[in-house]
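Let's take a look at the aromatic rings in this one, and at who sits beside whom.

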Amino acid sequence: MAGNIPSPHRRAFYQRLAAFDAAPLWEVLGNIVPRQPASRYHAHQWHYSRLRPLLLEAGDLLTAEEAERRVLVLENPSCPGQSRATPSLYAGLQLILPGETAPAHRHTPSALRFLIEGERGYTSVGGERTTMREGDFVITPAWAWHDHGNDGDEPVIWLDGLDIPVISYFESVFSDPHEESRQPLSRPEGDSLARYGQNLLPINARSPYGPTTPIFNYPYERTRDALIKAALGAAPDEYWGTTLRYANPIDGGWPMPTLATWMTHLRKGERTRALRSTDSQVMHVVEGRGEISVDGQVMSFGPKDVIAIPGWQWRTLSASEDCFLFFFSDRALHEKLGFHREERQS
């Protein structure tokens with residue numbers, strides 16, 4: 001029987017199988033198809049106040065051009081050295097100093113930026129530049145040319161989120177440097193938001209980035225205002241609070257084919273009930289303070305902190321101040337592949 005110590009005859013049989021690069025499924029079935037998901041990862045918190053000085057120190061050590069991307073990778077200590085916040089999600093903090101340019105390149109992983117600090121940073125995607133302001137959610141589609149810069153007098157810092165672990169699983173990660181440090185611009189700033197972000201679409205609307213949204217900057221000012229008004233118009237969901245998801249205007253789906261994104265608003269004193277889901281998540285605290293519990297691990301959070309939440313672990317949120325919380329997740333992939341599940345405690 002699987003799980004018991006095999007008899008000498010079975011062990012001999014297994015050794016003969018091994019000589020032909022084969023193995024008995026019945027001895028490992030419980031591990032590879034368990035009764036429920038069992039992540040090797042634990043929830044983990046990165047305090048922005050502790051990492052910011054180190055990121056600025058990195059700015060003294062090397063330029064953005066030298067680094068190509070000056071980023072502190074947020075590594076979950078559950079699996080050190082793998083450049084992962086969760087099994088499927090990469091997260092990092094990127095710094096652009098005044099006057100710098102992070103050179104143009106493109107790559108197969110999809111990327112998002114969520115601006116944490118600074119007001120005159122910019123990113124250019126596919127020939128269009130957008131100014132990034134705190135709380136803005138900016139997208140870099142897979143294989144789209146992009147570069148970053150800072151025209152201001154203060155550092156610009158944002159959270160990077162990528163699907164690198166997923167693309168790595170398929171051994172399909174590769175990149176391509178641009179001939180110039182800054183890509184040529186072909187459209188005025190605000191073009192994509194005007195065409196696709198006003199509840200209006202071109203008559204034969206198609207995204208130039210295939211399954212990725214044609215909007216690559218979702219301004220925080222709009223998102224925050226929408227959440228506040230939504231919280232006034234209806235009682236918060238017991239499990240999700242007041243949550244609005246970012247959407248691709250072409251089909252109403254998630255903005256990126258591999259990454260789901262949403263923003264949650266909790267008013268002071270609100271607490272969500274426990275739920276768990278198969279997708280893993282990274283949470284960034286835009287505003288506010290509170291607590292998150294993940295499978296009994298309680299973490300107090302403050303502005304700009306980042307927390308990794310593995311899949312299928314019970315989670316609750318509580319707010320000691322009004323909170324605005326940004327999430328990115330691999331849920332988009334789970335749904336497309338048909339195995340996303342969510343469970344709620346009654």
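## Ring pairs at a glance

Counting ring pairs by centre-to-centre distance, with 6.5 Å as the limit, gives 13 aromatic pairs. Keep in mind that this is a predicted model.

Take Tyr169 and Phe170 to start with. Their ring centres are 5.3 Å apart and the planes meet at 85°, so this pair is edge-to-face; the cut-off for that label is over 60 degrees. Are these two residues buried or exposed? Tyr169 is exposed, at 68% relative accessible area, and Phe170 also counts as exposed, at 56%.

## A buried pair across the sequence

Now for Tyr246 and Phe326, another edge-to-face pair, with 6.1 Å between the centres and 65° between the planes. Both of these residues are buried.

Where do the two partners come from? Tyr246 belongs to the loop that runs between β13 (242-245) and β14 (260-266), while Phe326 is in strand β21 (residues 323-329), so the pair ties together parts that lie 80 residues apart in sequence.

Tyr246 and Phe326 also have company: along with Phe114, Phe137 and Tyr218, they form one aromatic cluster.

## Charges over rings

A couple of arginines get in on the act too. Arg129 has its charged end over the ring of Tyr122, 3.7 Å from the ring centre. With Arg245, the ring underneath the charged end is that of Trp254, and the distance to its centre is 5.0 Å.

Key. Residues numbered from 1 in each chain as written. Predicted model: local features only at pLDDT ≥ 70, side-chain atom pairs only at ≥ 80, totals over all residues. Heavy atoms only, no water. Phe/Tyr/Trp six-rings, centres within 6.5 Å; stacked < 30°, edge-to-face > 60°. Buried < 20%, exposed > 50% of the residue type's maximum accessible area, 1.4 Å probe, protein only. Helix = DSSP H or I, 4+ residues; strand = E, 2+ residues; numbered from the N terminus. Lys NZ or Arg CZ within 6 Å of the ring centre and 35° of its normal.
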